[in-house]
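This report describes a sheet and the pockets of a protein model. The sheet is treated first and the pockets follow.

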Amino acid sequence: MDQKGILIVVSGFSGSGKGTLMKELLARHPDTYALSISATTRRPREGEADGREYFFVTKEEFEKMIAKGELIEYAKYVENYYGTPRGYVEQKLREGKDVILEIEIQGALNVKKMFPDTLLMFVTPPSAGELKKRLIGRGTETLDVIESRMDRACEEAEGMENYDYLIVNDSLDRCVGEMHAIIRSEHRRSSRNREFMQKIREDLASMKR
Ligand code: 5GP
């Protein structure tokens with residue numbers, strides 16, 4: 001089988017719980033997945049560490065990364081820049097890991113355009129009411145920012161059809177299992193196994209009487 005890693009994009013409304021889902025998926029399968037760490041110009045939240053959740057950079061540093069071509073993609077999200085550093089992603093894919101980018105929709109669509117065999121997954125809470133409840137419950141943002149994020153969710157909801165799979169996050173345990181199963185199936189797609197098919201064809205041909 002072709003052992004190249006798959007590039008996976010996970011998007012979801014702010015407050016959909018996708019961050020927690022990703023952490024759990026990686027904890028369960030540390031040798032299978034690599035999670036890309038983005039650069040951002042937003043301030044760290046309480047409990048976030050530089051180089052763990054994000055690389056926290058200034059606007060000037062971010063613009064330098066863009067100019068040097070160090071980002072695979074980047075987007076502006078509620079007044080801040082977010083982008084995916086290229087080096088780590090390329091290295092992990094080469095190592096055969098499935099690399100997960102947890103990014104918003106603009107970035108997701110750009111990645112899909114550049115790398116058409118990217119697997120796109122969208123995480124949503126079971127309802128809009130539940131989303132607002134979670135954003136308020138998180139207690140890390142002002143009401144103004146929460147409203148901006150709800151507005152942004154409204155826009156992002158228009159783009160859900162562009163994703164290959166929808167993950168309804170009602171139970172952490174079930175969703176993590178579901179995502180892992182979807183990714184495993186994705187590896188079995190015939191279009192991802194061209195070398196294997198070619199080899200079997202050639203071997204069969206050589207065995208012909
Ligand atoms: P947060 O500020 O809540 O950590 O992230 C805000 C949004 O930015 C989320 O939807 C998150 O997925 C997205 N995001 C994080 N990193 C990147 C990135 O590198 N590129 C893009 N396009 N979006 C990102």
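In this predicted model, Y74 stands opposite G83 in β6. The strands β5 and β6 pair in the antiparallel sense, and six bridges join them. β5 covers residues 71–77 and β6 covers residues 80–85.

Strands of a sheet pair through backbone hydrogen bonds, either parallel or antiparallel. Here the sheet is open and consists of four strands in the order β4-β3-β6-β5, with mixed pairing. The edge positions belong to β4 (54–56) and β5, each of which has a single partner strand, so one side of each is left without a neighbour in the sheet. From one strand to the next, the twist averages 25°. A helix, α3, packs on the sheet, where it touches β5 and β6. The direction of α3 makes about 35° with that of β6.

The model also contains pockets. Rolling a probe the size of a water molecule over the atoms shows where empty space is left. The largest pocket has a volume of about 1000 Å³, and 36 residues line it. Nearest the centre of this pocket lie K18, G19, R45, Y54 and E102. The elements that give two or more residues to its lining are α1 (18–28), β5, β6, α5 (128–138) and α6 (143–157). Among the contributors, α1 gives the most, with five residues. The strands β5 and β6 thus appear both as an antiparallel pair and among the elements of this lining.

The second largest pocket holds about 360 Å³ of space. Of the 18 residues that line the second largest pocket, K4, G5, I6, D117 and R192 are the closest to its centre. Two or more residues of this lining come from each of α3 (86–94) and α8 (194–207). The most is given by α3, with four residues. The helix α3, which packs on the sheet, is therefore also a contributor to the lining of the second largest pocket, as elements are counted by their DSSP runs.

The composition of the two linings is set out below.

| Pocket | Nonpolar | Polar | Charged |
|---|---|---|---|
| Largest pocket | eight residues | 13 residues | 15 residues |
| Second largest pocket | six residues | four residues | eight residues |

Charged residues number 15 in the lining of the largest pocket and eight in that of the second largest pocket.

Notes:
Residues numbered from 1 in each chain as written. Predicted model: local features only at pLDDT ≥ 70, side-chain atom pairs only at ≥ 80, totals over all residues. Heavy atoms only, no water. 1 Å grid on protein atoms, 1.4 Å probe; cavity = no way out; pocket = protein on both sides within 12 Å on 5 of 7 lines; lining within 4 Å. Points joined across faces, edges and corners; volume = space filled by probe spheres on them. Nonpolar A, V, L, I, M, F, W, Y, C, P; charged D, E, K, R; others polar. Pairing = 2+ DSSP bridges. Axes fitted to C-alpha atoms, helices over the stretch in contact; angles between N-to-C directions. Contact = heavy atoms within 4.5 Å.
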